[in-house]
Each structure stands twice: as structure tokens, then as C-alpha cells.
Amino acid sequence: MAGRLEMVQWLWALALLPPLLLGSVTSRLLHRRLDASRLRQGVLLFALISGLVLMIPF
């Protein structure tokens, strides 16, 4: 992989770092406040909606 990453990939990685950190902190806070079944339902619902959106042709 040496030399395969271009500046565009590094810029995308840098741009996505703040949402990644925000999601990690939010996840830790929500995990403490929600019971396991509700958290699982939320994750599955998010995965379902994300999958449906990805199947919509643009």
C-alpha cells in the first residue's frame, strides 16, 4: 500500500475525523443511559434505514 494513498484520501480521512470522535463520545454517553435492548433496537433501525437509502438509485 506504500504510495497508494493520494492527498484526496488523506483529506477525506481528516474531514471525517471530527464526526468519528463525536460519535464515539456520544456512543459512550448513550450507552450508560440506555438499556441494552433499546440500544440494540436503535442500532438495527439505523442499519435498516442506511441500507434502504443505499439501495435508492441516484
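The accessible surface of the chain in this predicted model comes to about 6,000 Å², and carbon and sulfur atoms account for 72% of that area. Burial tells a matching story: of the 58 residues, 0% count as buried. Part of the nonpolar surface is gathered into a patch of about 870 Å². Its contributors are Leu-5, Met-7, Trp-10, Leu-11, Leu-14, Leu-17, Leu-20 and Leu-21.

The secondary structure is simple to describe, with two helices and zero strands. The radius of gyration is 16 Å, well over the 10 Å that the globule rule gives for 58 residues, so the chain is more spread out than a compact globule. Along the principal axes, the C-alpha trace spans about 45 × 30 × 20 Å.

Helix H1 covers residues 7-33 and thus offers a good place to look in more detail. With 27 residues, H1 reaches 40 Å from its first C-alpha to its last, which is close to the 39 Å expected at 1.5 Å a residue. The helix nonetheless carries a kink of about 35 degrees at Leu-17, shortly before the proline Pro-18. Leu-17 is also one of the residues that make the nonpolar patch.

Two residues of H1 illustrate the accessibility classes nicely. Met-7, found in this helix, has a relative accessible area of 57%, and it is classed as exposed because the cut-off for that class is over 50%. Met-7 is likewise a member of the nonpolar patch. Val-8 also lies in H1, but at 49% relative accessibility Val-8 counts as partly exposed. Finally, Val-8 provides a handy reference point for distance along the chain: its C-alpha atom is separated by 23 Å from that of Gly-23, a residue 15 positions away in sequence.

Key: Residues numbered from 1 in each chain as written. Predicted model: local features only at pLDDT ≥ 70, side-chain atom pairs only at ≥ 80, totals over all residues. Heavy atoms only, no water. Helix = DSSP H or I, 4+ residues; strand = E, 2+ residues; numbered from the N terminus. Rg over C-alpha atoms; globule rule 2.2 N^0.38 Å. Buried < 20%, exposed > 50% of the residue type's maximum accessible area, 1.4 Å probe, protein only. Areas by Shrake-Rupley, 256 points an atom, 1.4 Å probe, with all protein chains shown as cover. Patch = residues over 30% accessible without salt bridge, like charges linked within 9 Å, V, L, I, M, F, W, Y side chains within 5 Å. Salt bridge = Lys/Arg side-chain N within 4 Å of Asp/Glu carboxyl O. Expected span 1.5 Å × (residues − 1). Bend = angle between axes of the 7 residues up to and from the residue.
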